[in-house]
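Welcome, and please open the model in your viewer. We will walk through it stop by stop, with something to select at each one.

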Amino acid sequence: MGMNNADVWLVVPLYNEASVIGGVVRESRSVFPQVVCVDDGSSDESAATAERSGAVVVRHPVNLGQGAALQTGFDYALSDPGMRYVVTFDADGQHQVSDVEAMLTRIRRGDVQVVFGSRFLDRSGQASAAGVLKKLVLRSAVAYTNLTTGTRLTDAHNGLRVLDRSVVARVQITQNRMAHASELVSQIGAMRIDGRAVAIAEEPVHILYTDYSRAKGQSLWNAVNILAELIWR
């Protein structure tokens with residue numbers, strides 16, 4: 001089953017990404033045929049474009065936030081009894097399918113239940129594209145998350161993750177906005193499966209910081225908002 005990735009679902013939160021989502025879905029489905037886009041109240045043609053490109057589309061009638069979209073996607077993926085792994089994948093084209101393949105290779109070894117992508121393990125120098133100030137703020141957010149969740153991650157707020165079905169079935173995201181990433185880490189850090197803590201790993205990923213993705217939320221101010229939501233949630 002794993003050879004053709006029939007046991008994998010990509011969960012893609014989708015909000016007003018009509019100009020890029022078609023390409024994201026088509027490229028993803030060339031390797032991972034099962035993609036569910038959760039349209040989170042988009043006002044453009046995002047949902048129709050994703051559907052035409054081959055994704056399953058689940059719709060929120062109003063914008064609820066990325067955390068809510070991920071939870072809806074998790075619930076949908078769990079309805080497939082053949083699903084073994086869920087990949088959280090961004091809609092704006094900044095994630096790479098090749099990174100997902102490497103992360104799945106890691107989790108398929110069977111000794112971990114979650115693999116987090118990390119921009120700060122990237123040895124190619126591409127991580128510098130995030131900008132010095134933004135990296136500083138994100139590292140502060142990671143430090144705060146590690147302190148409050150008991151985990152030891154280098155990049156808790158990277159949206160590229162692979163989760164085993166056993167973990168997905170136990171996650172219940174209630175933070176709909178930016179703090180959902182830390183809530184997810186916190187739940188995983190506290191989780192016990194068959195009496196054992198969930199084993200996690202990190203893999204280096206290369207994020208494509210295009211002008212489009214920066215304009216859609218990769219700004220320094222967005223990173224500051226993440227840190228603020230963590231502290232005052």
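Two strands count as paired if DSSP finds at least two bridges between them. Keep that in mind as you look around, and remember that this is a predicted model.

**Stop 1: the sheet**

Switch to a cartoon view and pick out the strands. Seven of them, in the order E3-E2-E1-E4-E6-E5-E9, make an open sheet with mixed pairing. At its edges you will find E3 (56-60) and E9 (200-204), each of which pairs on one side only. On average, neighbouring strands here are turned by 20 degrees against each other, direction ignored.

Now select E1 and E4. These strands pair in the parallel sense over 4 bridges. Which residue of E4 is the bridge partner of Leu-10? Show Val-87, and you have the partner of Leu-10.

**Stop 2: helices on the sheet**

Keep the sheet in view and add H1. This helix packs on the sheet and touches E1 and E2, with its direction at about 160 degrees to that of E2. Next, add helix H7 (residues 180-190), which also packs on the sheet. Its contacts are with E5, E6 (161-164) and E9, and the direction of H7 makes about 35 degrees with that of E6.

**Stop 3: the nonpolar cores**

Select Ile-21, Cys-37, Ala-50, Val-87, Phe-89, Leu-104 and Val-162. They have the most contacts inside the largest nonpolar core, which has 31 residues. Strands E1 (8-14), E2 (35-40) and E4 (85-88) each give two or more residues to this core, and so do helices H1 (21-29), H2 (46-52) and H4 (97-107). H4 contributes the most, with 5 residues.

Zoom in on Phe-89. Which residues is Phe-89 in contact with, leaving aside its neighbours within four places in sequence? They include Leu-10, Val-11, Val-12 and Pro-13, as well as Val-24, His-95, Val-100 and Leu-160. Apart from the largest core lies another one of 23 residues, and you can find it by selecting Trp-9, Leu-153, Val-171 and Met-191, which are among its members.

**Stop 4: helix H3**

Move to H3, which covers residues 66-78. From first C-alpha to last, this helix of 13 residues reaches 18 Å, close to the 18 Å expected at 1.5 Å a residue. Colour its buried residues: Gly-67, Ala-68, Ala-69, Leu-70, Gln-71, Gly-73, Phe-74 and Ala-77.

**Stop 5: salt bridges**

Side chains of opposite charge can pair when their charged atoms come close. The structure holds 4 salt bridges, and we will visit some of them.

Begin with Arg-108 and Asp-7, whose side chains meet at 2.9 Å, N to O. This pair links distant parts of the chain, 101 residues apart: Arg-108 sits in the loop between H4 and E5 (114-118), while Asp-7 is in the segment before E1. Is each partner buried or partly exposed? Arg-108 is partly exposed, with a relative accessible area of 27%, whereas Asp-7 is buried at 2%.

Then select Arg-106 and Asp-111, with their closest N and O atoms 2.7 Å apart. Arg-106 counts as buried because its relative accessibility is 12%, under the 20% limit. Asp-111 is partly exposed, at 44%.

Finish at Glu-51 and Arg-59, another salt bridge, with the closest N and O atoms 3.7 Å apart. Glu-51 is partly exposed at 43% relative accessibility, and Arg-59 is partly exposed at 46%.

Terms used
Residues numbered from 1 in each chain as written. Predicted model: local features only at pLDDT ≥ 70, side-chain atom pairs only at ≥ 80, totals over all residues. Heavy atoms only, no water. Core = buried A, V, L, I, M, F, W, Y, C linked by side-chain atoms within 4.5 Å. Buried < 20%, exposed > 50% of the residue type's maximum accessible area, 1.4 Å probe, protein only. Contact = heavy atoms within 4.5 Å. Expected span 1.5 Å × (residues − 1). Axes fitted to C-alpha atoms, helices over the stretch in contact; angles between N-to-C directions.
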